[in-house]
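Colleague: I am new to this structure and would like to go through it slowly, with the reasoning behind each answer spelled out. Could we start once it is in front of us both?

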Amino acid sequence: MDIERGAVAREIDEEKWVYDSSVDHKGRVPRRASTGVWKASFFIIAIEFSERLSYFGIATSLIIYLTKIMHQDLKAAAESVNYWTGVATLMPLIGGFVADAYLGRFSTVLFSSILYLMGLIMLTMSWFVPSLKPCDGGDVCREPRKVHEVVFFLAIYLISVGTGGHKPCLESFGADQFDENHPEERKKKMSYFNWWNIGLCAGLLLAVTVIVYVQDHASWGIADIIFTTVMAISLIIFVLGRPIYRYRKPTGSPLTPLFQVLVAAIAKRNFPSPSNPAELHEEYKSQKTQGRLLCHTDKLKFLDKAAIVEEKGSSVEKQSPWRLSTVTRVEEMKLILNMIPIWLGTLPFGICVAQGTTFFIKQGTTLNRKIGNDFLLPPASIYALAAIGMITSVAIYEKILVPLLRKVTGNERGIKMLQRIGIGMLFSITTMIVAALVEKKRLNVVSKNPTTASTSMSVFWLAPQFIIIGVGDGFTLVGLQEYFYDQVPDSMRSLGIAFYLSVIGAANFLSSLLITVVDRVTEKSGQSWFGKDLNSSRLDNFYWLLAGIAAVNLCIYVPIAQRYSYKNVQNVAIADCHDGDRAAAASMA
């Protein structure tokens with residue numbers, strides 16, 4: 001009877017308070033009713049909306065600015081965009097590490113948002129301050145001033161540095177508002193990444209419609225003023241939500257425990273592996289004061305030696321963590337190592353996505369963009385179709401497919417995260433095939449009508465490739481966010497989102513490298529695939545090459561994903577887990 005009363009009291013207590021290692025803004029255990037979940041996440045999604053408005057307003061029109069105002073050729077402009085995007089999506093590795101180890105997510109987001117705002121202010125000044133303007137004779141210059149180039153690139157790279165702290169921490173900070181140990185909040189958290197991306201796409205959609213129209217028909221400077229104003233307002237909104245957020249205290253370098261596992265395993269490499277995993281060392285403390293424990297797995301058994309107790313009679317508490325690790329630390333190391341082939345396997349998808357903000361946009365400038373008699377569609381506005389495709393696919397997946405798939409598969413997510421990523425890869429291959437066919441048609445039109453070139457073709461010939469890549473993003477990009485946030489150790493959640501962003505960043509650098517290599521190889525064979533303009537280029541061949549690379553990669557990715565072992569959290573205090581626990585972990589993966 002007393003045990004039953006104790007269990008009931010504990011359940012009531014956990015309904016009132018949140019025991020997942022988070023704290024409120026005063027450092028106390030947070031109340032469930034007054035903190036976190038959607039009421040906190042909406043404040044966070046609001047600043048993501050404004051940041052994406054600014055980012056995509058710059059990113060989707062950057063190649064046009066570089067070719068029209070800076071007078072860079074097509075290849076140089078595409079490489080400049082890829083380098084900038086690469087930096088913006090690799091910097092989160094540094095921002096995520098600093099947040100997890102030292103500053104915490106809230107402080108990192110606040111500081112990086114201020115840097116971002118400073119970059120936007122500098123960008124605005126580069127257009128309006130007379131001495132920093134591109135030239136004195138209006139918007140279009142024969143050659144921009146060097147000082148404008150310097151200030152412009154300083155501004156956009158300051159924005160990329162701000163993105164480095166903003167992106168990994170803001171998304172993971174929003175996910176921190178849900179308690180994974182609470183059944184209702186866990187289900188809401190599974191929907192969080194879908195709604196996060198709908199907010200992201202709403203900012204993108206506004207950026208590539210209203211903002212690019214302002215850039216094209218009014219002034220680049222007026223668009224910069226809009227970015228700066230919206231970012232400043234959203235920063236104030238973010239700070240106002242401080243009392244209802246749930247916070248995670250930084251726990252020091254998340255990389256140190258991983259190195260400790262590696263050093264301990266090497267030091268005890270000659271020790272025999274125990275036949276019973278229960279003999280491995282684990283520390284059992286109250287779940288209220290410690291993060292979640294992980295189940296032992298049979299893969300990468302060499303690392304298990306780090307958790308072998310050398311002297312049975314000695315006190316394990318006195319042993320150095322560089323000599324003895326826990327099962328949970330060992331399993332965290334295994335998680336990181338298991339992620340490497342998945343990370344590598346998604347790079348070709350990222351290379352395909354990189355074409356959307358470079359060559360796809362530039363193609364739009366050569367086609368007929370008139371709607372009706374008077375309205376001229378800005379080239380970057382066609383990218384809105386990718387946002388619409390992503391919003392549509394995410395909404396259908398969330399509201400229709402997930403409920404149906406839950407009944408069929410028994411998986412809380414509908415399908416496994418890596419399956420969702422793989423489906424998006426199929427769409428990326430289809431995108432490249434469609435893009436190659438459309439570009440081949442455009443080149444045929446140019447060859448038949450050299451005087452009018454491809455202006456007789458409607459820009460909406462590009463619609464299929466934008467919509468398909470948007471649908472693919474709804475599967476792969478959202479799946480990658482879920483995967484890297486969920487599968488990293490709990491102490492590395494900001495770095496987890498940074499790992500996802502680094503896929504896009506590394507892919508942009510690889511895209512630039514691939515362009516350079518293909519340019520040199522094809523130039524030696526007669527004619528380069530990348531001429532001074534699109535009409536003298538062979539982008540259709542390049543798209544076929546990307547489709548082939550992505551298809552081969554998918555064939556390698558599928559068996560790797562099938563053999564992947566998902567994170568398995570302990571429900572009971574034992575070093576190994578039963579099959580039922582493993583099945584439960586698979587159902588939530």
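Colleague: Leaving aside its neighbours within four places in sequence, which residues is S54 in contact with?
Modeller: Please keep in mind throughout that this is a predicted model. S54 lies in helix 2, and it is buried, with a relative accessible area of 0%. Once the neighbours within four places in sequence are set aside, the residues in contact with S54 are Y116, L120 and F227.

Colleague: What distance separates the C-alpha atoms of S54 and D224?
Modeller: Along the chain, S54 and D224 are 170 residues apart. In the predicted model, the separation between their C-alpha atoms is 8.3 Å.

Colleague: Where in the structure is V37, and is this residue buried or exposed?
Modeller: The phi angle of V37 is near 45°, which is a positive value in a residue other than glycine. Most residues other than glycine have a negative phi. As for its place, V37 belongs to helix 2, and with a relative accessible area of 11%, under the 20% cut-off, V37 counts as buried.

Colleague: What is the relative accessibility of L300?
Modeller: L300 also has a positive phi, near 50°, and it too is a residue other than glycine. Its place is in the loop between helix 9 and helix 10. L300 counts as partly exposed, the relative accessibility being 38%.

Colleague: Turning to helix 9, why do its buried residues line one face of the helix?
Modeller: Helix 9 covers residues 256–267 and reaches 16 Å from its first C-alpha to its last, close to the 16 Å expected at 1.5 Å a residue. The buried residues in this helix are P257, L258, Q260, V261, A264 and A265. They line one face because, seen down the axis of helix 9, they fall within an arc of 160°.

Colleague: Which helix is included in what covers the buried residues of helix 9?
Modeller: The residues to be covered include L258 and V261, both of which are buried in helix 9. What covers the buried residues of helix 9 includes residues 327–345, that is, helix 10.

Colleague: Within helix 10, how far apart are the closest N and O atoms of K334 and E331?
Modeller: K334 and E331 are 3 residues apart in helix 10, so about one helical turn separates them. K334 is buried, with a relative accessible area of 2%, and E331 is buried as well, at 5%. The two form a salt bridge in which the closest N and O atoms are separated by 3.1 Å.

Colleague: Which residue forms a salt bridge with D179?
Modeller: D179 lies in the loop between helix 6 and helix 7 and its partner in the loop between strand 1 and helix 2, so the pair ties together parts that are 147 residues apart in sequence. D179 is buried at 3% relative accessible area, and its partner counts as buried at 9%. The closest N and O atoms of this salt bridge are 3.2 Å apart, and the partner of D179 is R32.

Colleague: Over the ring of which residue does the charged end of R420 sit?
Modeller: R420 forms a salt bridge with E482, the closest N and O atoms being 3.1 Å apart. That pair links distant parts of the chain, with R420 in helix 14 and E482 in helix 15, 62 residues apart, and both residues are buried. The charged end of R420 also sits over a ring, 3.9 Å from its centre, and that ring belongs to Y397.

Colleague: What is the angle between the ring planes of F152 and F153?
Modeller: A search of the whole structure finds 38 aromatic pairs. One of them is formed by F152 and F153, whose ring centres are 5.5 Å apart. F152 is buried, whereas F153 is partly exposed. The pair is edge-to-face, the angle between the planes being 80°.

Colleague: Which residue forms an aromatic pair with Y397?
Modeller: This edge-to-face pair has a centre-to-centre distance of 5.7 Å and 75° between the planes. Y397 lies in helix 13 and its partner in helix 15, so that the pair links parts of the chain 78 residues apart. Both members are buried, and the partner of Y397 is F475.

Methods
Residues numbered from 1 in each chain as written. Predicted model: local features only at pLDDT ≥ 70, side-chain atom pairs only at ≥ 80, totals over all residues. Heavy atoms only, no water. Helix = DSSP H or I, 4+ residues; strand = E, 2+ residues; numbered from the N terminus. Expected span 1.5 Å × (residues − 1). Buried < 20%, exposed > 50% of the residue type's maximum accessible area, 1.4 Å probe, protein only. Arc of directions from axis to C-beta. Contact = heavy atoms within 4.5 Å. Phe/Tyr/Trp six-rings, centres within 6.5 Å; stacked < 30°, edge-to-face > 60°. Lys NZ or Arg CZ within 6 Å of the ring centre and 35° of its normal. Salt bridge = Lys/Arg side-chain N within 4 Å of Asp/Glu carboxyl O.
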